[in-house]
2 protein chains.
Amino acid sequence: MDIKKEAQILKLTSPKLAAQTEEVRNRALKAAADALIANKEDIINANKEDMDAAEKSGLAAPTLKRLKFDEGKLNDVVKGIMDLIELPDPLRKIQLKRELDEGLTLYRETCPIGVIGVIFEARPDALVQISSLCIKSGNCVILKGGSEALKTNRILFQTIYKAVVDAGIPEGCMLQLEARDEIKELLSCHEYVDLIIPRGSNSFVQYIMENTKIPVMGHADGICHVYVDKDADIDKAVKIVVDSKTQYVAVCNAVETLLVHKDIAEKFMPVLYKALKEKNVEVRATEDIRKIIDCDTVSEEDYKTEYLDYIISVKTVENVEEAVDHINRYGSHHTDSIVTENDETAEYFMQMTDSANVYRNCSTRFADGYRYGFGAEVGISTGKLHARGPVGLEGLVTYKYKLYGDGHIVADYAEGRKSFNFKDLQ
Amino acid sequence: MDIKKEAQILKLTSPKLAAQTEEVRNRALKAAADALIANKEDIINANKEDMDAAEKSGLAAPTLKRLKFDEGKLNDVVKGIMDLIELPDPLRKIQLKRELDEGLTLYRETCPIGVIGVIFEARPDALVQISSLCIKSGNCVILKGGSEALKTNRILFQTIYKAVVDAGIPEGCMLQLEARDEIKELLSCHEYVDLIIPRGSNSFVQYIMENTKIPVMGHADGICHVYVDKDADIDKAVKIVVDSKTQYVAVCNAVETLLVHKDIAEKFMPVLYKALKEKNVEVRATEDIRKIIDCDTVSEEDYKTEYLDYIISVKTVENVEEAVDHINRYGSHHTDSIVTENDETAEYFMQMTDSANVYRNCSTRFADGYRYGFGAEVGISTGKLHARGPVGLEGLVTYKYKLYGDGHIVADYAEGRKSFNFKDLQ
């Protein structure tokens, strides 16, 4: 397949897809949901083939779990599509309507980004989520999923693509890549692809960021922190740290470093330690903590490490200021939480911590598009430009300025014959 | 100067600047305006030195005009600052307030981007505009202006910096670079600089984009179009094309290519040709146009060229569809205008043209932050991520998610003991 040529087709299709009404886009989503149900048997059989191959090749149990696409998962993604249909249309929202002068009116209106390339892990539900988010937001999409899910992804893609095109969405709005070496070609399509969203390991995302001129949205590291303040409720703190660390260790919003106010360490750490031990979490801590509990020594390198495992670093701090400085220095600006009953301390933390998601008295694991009520997400962004945090429909649109005049020229204003008369109309 | 070390200071200062109240930021802007007036004489004298040196080195007249900073220009920038003070605060706007479940409330709140590096041409008023926009939006800023304005920029920077720090803005919030080789160092500061905004020639902006890992906002080319439809009012069309081409030729929003519907060419082109000749504009056109007026032949290369000069390419098209295809293919997604009295044709153009600014019946020269009522702009963006079109205060902020809980953990939701109950509170 000539990826450049195919990407160019998507680029040419993108204004046509952008022009589809909300009704057509929602009808297409409904058709995709129906088609997934109608093709249930074939989809599940294709997944069984992928699962068999993956088991034979000795894939780890958590990966197998994500790869599995049974009737329950199929029902979940279909429900996800139905929820998405109910969400308000992100397109053609007038963000600004301003009369610049008599007969000269400026609009700022949301529109799709254009062509989006998404590279994602071996989770077939991700393919359905991403493509339905792109159809709802009027974006053409290039999908490259993990190779372990090859057969499942192929049938899912074909099912969705046929359904949406039959429902009136323009042909050439979706493209599936299957070979790993096609990623490199995709990265060179900066003329035709407006945005790349990579999901996967740090090193993979880093590789993508360093090897393309196309803007990249996402995050490489997920070094998240919980800071337990001297005014923390110890019960809450224990629950929050255990959940942040162990509810799902292999994800970007799991906590990696715990910061503990020195005045609460002696009371808090033994209780926490017991709870972490029950979950088989290894603790690495500063010397003052090691006088309280029995654990290994933490190093500077630990503070920069995303374990994605049952390991946690622990460091004492003098105060909330030191906690924030540590987070802003070592963190990845992803998700950080403070546990405290003190409003003033909490507000300092919420204001000064330079992260996409800052929390008080809750688990870092809440950083997720579904949990934020966005319906679904294409990923989580730690960049500060455009969408930040979980990226749902709103993050998939941009806007354009539309100006309506009646022969208006700039010379009249530059030479003083006319002057602007700004008036917001909404 | 060790730029990395200095940039790190700005990075550490940025949460402190972000925490300043609207009152402090506006008071600092007022102090800057007052200080500029108080130092008027020294500023104008410094500019005279720059002007003398520039004249001796044989700088072109338009560049000299931009370099000049006299009492009139000083009054303009002071008025600009006073207007900026009146604009609403872009920070701490709650964009989303949603109860996820009882006691668990999500906010999305605007906040500054952080540290912004701006590299701009030899226009001292740009230094004042950019630094005041950054103070208003709570961003630390690194400024590198054109070397021809060295002395003017130096005194302007010192005046503003002293005034804002005396007014309570944290020290270390602004940095000025003076040597050209410092740009390269700045581009390597991806750990400390959140955004680069380059202004200048295509090749310069291209160089910046290709030589940094820091996100870049701006535009390289400005290949703008006017499409004169068969249903155009010929008087309006002539006025709009002449203004778009000649009101200021050396700028990104001047028109470079004119597209003319074949059915109106014979009537329209002779009138336009006469008007363009009066302004000494050279016309390069397709063969069918050359049968109507006396001009050179246009080439494919012309369609890709930003002349920034008294030259215009002219091409006939069959219909609005062909015009839009040409623009989406050869344009730089900056600003494009249709002249027509036909609403349906206009709407097709406004919807399908994939540009930051799309216009009906007015000059492309309106694409400008001041003319949009934004007070001022740091630049114009043709990127689709984050700010698009003229970038004012709103383009200089991002947002963060704040989540307030009371010991909430994800395991309760994942394991079915609790369920989300989304409720928008605003």
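In the predicted model, B:I94 has B:E109 of strand β2(B) as its bridge partner, a pair that belongs to the antiparallel arrangement in which strand β1 (residues 94-101) of chain B and strand β2 (residues 104-112) of chain B are joined over six bridges. The two strands form a hairpin with two residues between them, and in the turn B:G103 adopts a positive phi of about 80°. Strand β1(B) also pairs with strand β17 (residues 423-424) of chain B, again in the antiparallel sense, here over two bridges; within this second pairing, B:R98 stands opposite B:D424 of β17(B).

Both strands of the hairpin also take part in the contact between the chains, to which chain B and chain A each give 58 residues. On the side of chain B that touches chain A, the elements that give two or more residues are β1, β2, α10 (234-246), α15 (343-352), β13 (357-362), β16 (397-408) and α16 (410-414) of chain B. Of these, β16(B) provides the largest share, with 11 residues. By residue type, this side of chain B divides into 28 nonpolar, 16 polar and 14 charged residues. Strand pairing extends across the contact as well, since strand β16 (residues 397-408) of chain A and β13(B) run parallel and are joined by five bridges. In this pairing, A:Y404 has B:R360 of β13(B) as its bridge partner.

The relation between the two copies is described by a superposition in which chain B is laid on chain A with an RMSD of 0.0 Å, through a turn of 180° and a shift of 0.0 Å along the axis. The two copies are therefore related as by a two-fold rotation axis. The same surface serves both copies, in that 100% of the contact residues of chain B recur in chain A. Among the residues of chain B, B:H386 is the one that comes closest to the rotation axis, its C-alpha atom lying at 1.9 Å.

Within chain A, helix α5 (residues 71-86) consists of 16 residues and reaches 23 Å from its first C-alpha to its last, which is close to the 22 Å expected at 1.5 Å a residue. In this helix, A:L74, A:V77, A:I81 and A:L84 are buried, and because they cover an arc of only 80° around the axis, they lie on the same side of α5(A). This agrees with the general geometry of the α-helix, which has 3.6 residues a turn, so that residues three or four places apart point the same way. The buried residues of α5(A) pack against α2 (22-38), α3 (40-56) and α6 (124-136) of chain A, whereas the face of α5(A) turned away from its buried side carries the exposed residues A:E71, A:G72, A:K79 and A:E86.

A buried position is also found in a loop of chain B, where B:Y192 lies between α8 (182-187) and β6 (195-198). B:Y192 counts as buried because 24 other C-beta atoms lie within 10 Å, the cut-off being 20 or more. When residues up to four places away in sequence are left out, B:Y192 touches B:A7, B:Q8, B:L10, B:K11 and B:V115. With respect to B:D2, which is 190 residues apart from B:Y192 along the chain, the separation between the C-alpha atoms is 13 Å.

Notes: Residues numbered from 1 in each chain as written. Chains lettered and ligands numbered in written order. Predicted model: local features only at pLDDT ≥ 70, side-chain atom pairs only at ≥ 80, totals over all residues. Helix = DSSP H or I, 4+ residues; strand = E, 2+ residues; numbered from the N terminus. Buried ≥ 20, exposed ≤ 12 C-beta atoms within 10 Å, placed from the backbone. Contact = placed C-beta atoms within 7 Å. Least-squares fit on C-alpha atoms with pLDDT ≥ 70 in both. Expected span 1.5 Å × (residues − 1). Arc of directions from axis to C-beta. Pairing = 2+ DSSP bridges. Nonpolar A, V, L, I, M, F, W, Y, C, P; charged D, E, K, R; others polar.
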